[in-house]
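This report describes the sheets of a protein chain, the helices packed on them and the surroundings of a bound ligand. The sequence and the structure are shown below.

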Amino acid sequence: MADGFATRAIHAGRLPLPAEPPLAAPIWQTSTFVFDDAEHYAHTLHQPRQGYVYTRYENPTTAALEGTVANLEGAAEGLATASGMGAIATVLLSLAGAGDHVVAQRDLYGGTYSLLAHTAPRFGIEVSFVDAGDPDAVRAALRPSTRAVYAETVANPTLTVADLPALAEAAGQRGLPLVVDNTVASPYLCRPIEHGAAVVVHSATKYLGGHSDVVGGLALFAEPERHDAAWRAMIELGASPDPFAAWLVLRGVKTLALRMRAHGANARVLAELLDAHPKVARVHWPGLPGHPTARLAAKLLDGDPGMLSFDLEGGRAAGRRFIEATRVAKLAASLGSTETLVSHPASTTHRQFSPEALAAAGIGEGMVRVSVGLEDAADLAEDFTRALEVA
Ligand SMILES: *Cc1c(COP(=O)(O)O)cnc(C)c1O
């Protein structure tokens, strides 16, 4: 008997798997994959990289992204996640559990600081925050229960470049993994694994995606075993990305080199303009020789970063007037996109910080953070000059 109408509507279609591979990765927008053999199904379900069962576990579009960014970072394996925080939480919970301890840089991204300071203790994970510019302080904070050292390549908004080789050595002496958030540098400017990191995490929402149209994350692993542990944690935490989001990041990564060069060139124009302006007390940008980590930047970064921040002479009120006066630059959260974005950390991204933590992280009340976009440099210079008059 022939199949009925409804059955044919569901099953009659043949999915063409062409002998000629597509140039661009297809979006494998499916939640699940079909098996003939129960044993093959069971095996694939429990082993990473053995095939596809269910998109929360693995998906071909997501795997294409993981392979691409793992290659750029010089990693053995990559794991894409639904967001940068998804990657950070997954890595943290795959490395540490109740009774364990983590040593972390003090001036972290606000969300990461909050995860480590407030959520990690609820899972029984203790965290010590230290000045990551001081490897002796990192060494002194290590305990027998320490499971990882956590830092950011370029801290935001101070633009402090971490001494990755020194941190990797401090961690490595005790056999501990150095975990590095490489979001602000991107693999175009720095590959932390080359400097001894064991795990790299990214908010792919930023430079990797690059267009402010997707939220995503990635974790990259120097050793496959750490990938497998994080993969198992991610499956249970449910931090997996949607295939379309993974595809958008994959598309963005193709132009990462071009974009990073242009972000850096525009940032240099603005940094030099701000540095020479009487209303600006200080510019935080490691491409300027006066920055405390300018020499580390020259050693570890393959170019100029696209983020900068500066302190206005007029403090909190001036900072706020500036960010409300720009026309080309938009007042918005996030960074690393085609658009220039400005923010005032003390009242936005770092609001979770106590006044003491804010001061300890080197964030002034009049500090304006800029994610320099890809607009014409002359338009940005004009916009900033006018907003500085108002501030
Ligand atoms: C944005 C950001 C994150 C968090 O990423 P999401 O994609 O927003 O979850 C983590 N670290 C840094 C440095 C960031 O800028």
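Two strands are taken to pair if DSSP finds at least two bridges between them. The model discussed here is predicted.

**The seven-stranded sheet**

On that basis, 7 strands form an open sheet with mixed pairing, in the order 1-7-6-5-4-2-3. Strand 1 (77-81) and strand 3 (126-130) stand at its edges with a single partner strand each, so one side of each has no neighbour in the sheet. Direction ignored, neighbouring strands of this sheet are turned by 20° against each other on average. At one end of the order, strand 3 pairs with strand 2 (residues 101-105) in the parallel sense over 5 bridges. His101 has Glu126 of strand 3 as its bridge partner.

Two helices lie across strands of this sheet. Helix 3 (residues 60-73) lies across strand 1, strand 6 (199-203) and strand 7 (217-221), and runs at about 130° to strand 1. Helix 4 (residues 84-95) lies across strands 1, 2, 4 (146-152), 5 (178-181), 6 and 7, at about 155° to strand 6.

**The ligand and its shell**

Which element contributes the largest share of the shell around the ligand? Helix 4 does, with 3 residues. The residues around the ligand include Gly84, Met85 and Ile88, as well as Tyr109, Asp181, Thr183 and Leu335. By class, the shell divides into 4 nonpolar, 6 polar and 2 charged residues. Three distances between protein atoms and an oxygen atom of the ligand are listed below.

| Residue | Protein atom | Distance to a ligand oxygen atom |
|---|---|---|
| Met85 | backbone N or O | 2.8 Å |
| Ser203 | polar side-chain atom | 2.8 Å |
| Lys206 | side-chain N or O | 2.7 Å |

Taken alone, the ligand exposes 380 Å², of which the protein buries 91%.

**The five-stranded sheet**

A further open sheet of 5 strands has the order 8-9-12-11-10, again with mixed pairing. Its edge strands, strand 8 (280-284) and strand 10 (330-331), each pair on one side only. Strand 8 and strand 9 (residues 307-312) run antiparallel and are joined by 4 bridges; the bridge partner of Val280 in strand 9 is Leu312.

Helices also lie across strands of this sheet. Helix 11 (residues 256-275) lies across strand 8 and strand 9, running at about 15° to strand 9. Helix 13 (residues 315-325) lies across strand 9, strand 10, strand 11 (341-343) and strand 12 (367-371), and its angle to strand 9 is about 130°.

Terms used. Residues are numbered from 1 along each chain as its sequence is written. This is a predicted model: local features need pLDDT of at least 70, side-chain atom pairs count only at pLDDT 80 or more; totals for chains, interfaces and linings use all residues. Side-chain values use heavy atoms; hydrogens and water are left out. Axes are lines fitted to C-alpha atoms, for helices over the stretch in contact, and angles run from 0 to 180 degrees between N-to-C directions. Contact means heavy atoms within 4.5 Å. A residue is near a molecule or strand if one of its heavy atoms lies within 4 Å of it. A polar contact is a pair of N or O atoms within 3.5 Å; within protein, one must be able to donate a hydrogen and the other to accept it, and residues adjacent in sequence count only if both atoms are side-chain atoms. Accessible areas come from the Shrake-Rupley method with a 1.4 Å probe; for residues, only the protein chains shown count as cover. Ala, Val, Leu, Ile, Met, Phe, Trp, Tyr, Cys and Pro count as nonpolar, Asp, Glu, Lys and Arg as charged, and the others, Gly among them, as polar.
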